[in-house]
Amino acid sequence: MQTRLCVALCMTLAAVACGSSVRVTTMAAPTAAFGEMHRFRILEPPSRRAGASPTDDPMLLNSMSNQTLVQSINSAFESRGYMHDLAAPDFTVAYYASARERLNVTEWDYGYRGYWRGFREPGVVDVEPYTEGTVIIDVVNAQTKELMWRGRGQAATSDDPKAFQRSLQETVRSIVAKYPMATKLAGR
């Protein structure tokens, strides 16, 4: 019994640890010239979609989420060597955020079924609901208006406001960490 409890506890801790990580995917345009990009500007969020409710769109739910996203994006790009420039950016950054309810289903089946007084015991199935947040960051060439790069990060979110804010910050950092480092400008 203690062995089963220990195994279940270890599996639960592993699932929680994996649930807190950010899954990041990125894609770059084949013709993107990242070496020519040095200055950026963050675009204003898009207007609300027709028919979308505030609960469907955390970007529009409150300004604190937007502030956290903008500050995190700004810090992340500056840490990669880019300069924030409202007047003459080389590229602009658009961002999107969403959240949806998900289920984490785990079956604890060790490959055998036990029998108890003629009753076949099935494996144990754990179902845990959670909210998954997604942040998308697009990098657009400021002159040609062509999409150069897209990063997408997904992670479980929290109902706790401070944990939610940390999750947004971590997600943005994880996404922008995949963006190429800035090259040095001549004369700097």
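**Phe 164**

I began with Phe 164 and asked how exposed it is. Phe 164 is partly exposed, with a relative accessible area of 24%. I note that this is a predicted model. The cut-off for buried is under 20%, so Phe 164 at 24% does not count as buried. I found Phe 164 in helix H4.

Next I looked up what Phe 164 touches. Leaving aside neighbours within four places in sequence, I list Ser 65, Thr 157 and Ser 158 as its contacts. I also checked Phe 164 against Gly 133. The two are 31 residues apart in sequence. In space their C-alpha atoms are 9.6 Å apart.

**Helix H4**

I turned to the helix itself. H4 covers residues 161–176, which makes 16 residues. I asked what span to expect for H4 at 1.5 Å a residue. The expected value is 22 Å, and the end C-alpha atoms are 23 Å apart, so the two agree.

Then I looked for the buried residues of H4. They are Ala 163, Ser 167, Leu 168, Thr 171, Val 172, Ile 175 and Val 176. I recalled a general point about spacing. An α-helix has 3.6 residues a turn, so residues three or four places apart point the same way. Which elements do the buried residues of H4 pack against? I found strand S1 (23–28), helix H3 (63–79), S7 and S8.

**The cavity**

I searched for enclosed space. The count is 1 cavity of 30 Å³ or more. The largest cavity holds about 90 Å³ of space. Strand S4 (91–108), S7 and H4 are the elements that each give two or more residues to its lining. H4 supplies the largest share, 4 residues.

I counted 13 lining residues for the largest cavity. Nearest its centre lie Gly 133, Thr 134, Val 135, Thr 157 and Leu 168. Leu 168 was already on my list of buried H4 residues. Thr 157 was among the contacts of Phe 164. How does the lining divide into nonpolar, polar and charged residues? I noted 7 nonpolar, 6 polar and no charged.

**Gln 154**

I moved to strand S8, where Gln 154 is found. Is Gln 154 buried or exposed? Its relative accessible area is 15%, under the 20% cut-off, so Gln 154 is buried. I left aside neighbours within four places in sequence and listed its contacts. They are Ser 21, Val 22, Arg 23, Glu 132, Gly 133 and Thr 134. Gly 133 and Thr 134 also appear in the lining of the largest cavity.

**Lys 145**

I stopped at Lys 145 for its backbone. Its phi is positive, about 65 degrees, although Lys 145 is not a glycine. Most residues other than glycine have a negative phi. Where does Lys 145 sit? I placed it in the loop between strand S7 (124–141) and strand S8 (147–156). Lys 145 is exposed, because its relative accessible area of 61% is over 50%.

**The whole protein**

Last, I stepped back to the overall picture. I counted 4 helices and 8 strands. From the N terminus on, their order is α-β-β-α-α-β-β-β-β-β-β-α. The protein has 188 residues, and 31% of them count as buried. About 12300 Å² is exposed, with carbon and sulfur atoms supplying 57% of that area. I also looked at contacts with a separation of 6 or more. Residues 24 or more positions apart account for 72% of these.

How values were computed. Residues are numbered from 1 along each chain as its sequence is written. This is a predicted model: local features need pLDDT of at least 70, side-chain atom pairs count only at pLDDT 80 or more; totals for chains, interfaces and linings use all residues. Side-chain values use heavy atoms; hydrogens and water are left out. Buried means under 20% relative accessible area, exposed over 50%, partly exposed in between (1.4 Å probe, protein chains only). Contact means heavy atoms within 4.5 Å. Accessible areas come from the Shrake-Rupley method with a 1.4 Å probe; for residues, only the protein chains shown count as cover. The expected span of a helix is 1.5 Å times one less than its number of residues. On a 1 Å grid over the protein atoms alone, a cavity is a set of points where a 1.4 Å probe fits but cannot get out, and a pocket is an open set with protein on both sides within 12 Å along at least five of seven lines; lining residues have an atom within 4 Å of a point. Grid points are joined across faces, edges and corners, and a volume is the space filled by probe spheres set on the points. Ala, Val, Leu, Ile, Met, Phe, Trp, Tyr, Cys and Pro count as nonpolar, Asp, Glu, Lys and Arg as charged, and the others, Gly among them, as polar.
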